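Please open the structure in your viewer and keep the sequence beside it. This tour moves from the whole chain to a single residue, with a selection to make at each stop.

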Amino acid sequence: MNNIITPNSENISDKDAINFYKLISTVTQLELEPKTDKIILKKPERSSQNAKKYFVLCDINKNRRVGIKRCMDNSQYLRREIIINEAKKITGFPTYSILSTKGIILQLESKEKNCIIFENWENKDLIIMDFGNPNDMKTLKELEPNTIDSWTFYYEFGRWAAFNFLLGVIDRHSSNFILSFTDGKIHSIDNELGPFDSKGNEAGPRQILVPVKQTIERFFTDTNRGVCIQNLKQGFVDGWDSIVSKLSQLTMFNKDEMNLIQKRSVHDSKKVSEIFFN
């Protein structure tokens, strides 16, 4: 017997469960056992372009969460998720473990077909991401403004604004930033979009600037606004410098992506921070 719980309460093949537990153990660096560790499979609560068909969450023993994502079966989106994560590691930004693989086989005990939540996932390219403890984090959309009492929060958000601007990561609304309560780190998630659209046109800075400003200004008050902006700007400049100092190591980007990063990096970071935060 195994402890995989599906939304439809299906009985999963023990053989497939063993392989699935090995896969999840690899990305989390945990030694998970089918007979003792419970994995609950479910769809994300918030809607997104991936949520309905292309994304499954695995909650492990109620204190660890893994995301399995097909990125709309778009190879470019999958590639961007992987290389942006690599760029985070190189430039010193918070990151999480990602495993790239092909197909999820999790068949029913009585039939040779996948459980419903993984229907038609057998041969799809996908990534598996270790999100950590779900009880220890919230998206910035879920946070109440009065719960933020650390200037480090604004500094770290400023760093992410520089990262997403230079590397052309778009779709930066408040649900795509997560705050960890344990270490105070902010994570920038869902990095598949940008810097070019499906026709090869550059996604302009405004697509990053507007949602970033909307996300952070919700936390300002009349009394703290000035100090918040000061910390945001300093984080932006320092994050910019961290990336520019490692440009030669960002070999995972293609020629067009690298040209865009280099074109943006020649600007004065202090002046750009004034555009983002004023």
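Begin with the whole protein in cartoon view, where you can look for seven helices and nine strands; these are DSSP runs, numbered from the N terminus, with at least four residues for a helix (H or I) and at least two for a strand (E). Bear in mind that this is a predicted model, in which local features need pLDDT of at least 70 and side-chain atom pairs count only at pLDDT 80 or more, while totals for chains, interfaces and linings use all residues. Residues are numbered from 1 along each chain as its sequence is written, and side-chain values use heavy atoms, leaving out hydrogens and water.

Next, select the C-alpha atoms, which fill a box of roughly 65 × 45 × 30 Å along the principal axes.

Now switch on the surface: the accessible area is about 13900 Å², and carbon and sulfur atoms hold 48% of it, as computed by the Shrake-Rupley method with a 1.4 Å probe. Of the 278 residues, 52% are buried, meaning under 20% relative accessible area, whereas exposed means over 50% and partly exposed lies in between (1.4 Å probe, protein chains only).

Finally, select Tyr77, which you will find in helix H2 (residues 75–91). Is Tyr77 partly exposed or buried? Tyr77 counts as partly exposed, because its relative accessibility is 22%. Add Asn191 to the selection: although 114 residues separate Tyr77 and Asn191 along the chain, their C-alpha atoms are 8.2 Å apart. Beyond its neighbours within four places in sequence, Tyr77 is in contact (heavy atoms within 4.5 Å) with Cys71, Met72, Glu192 and Leu193.
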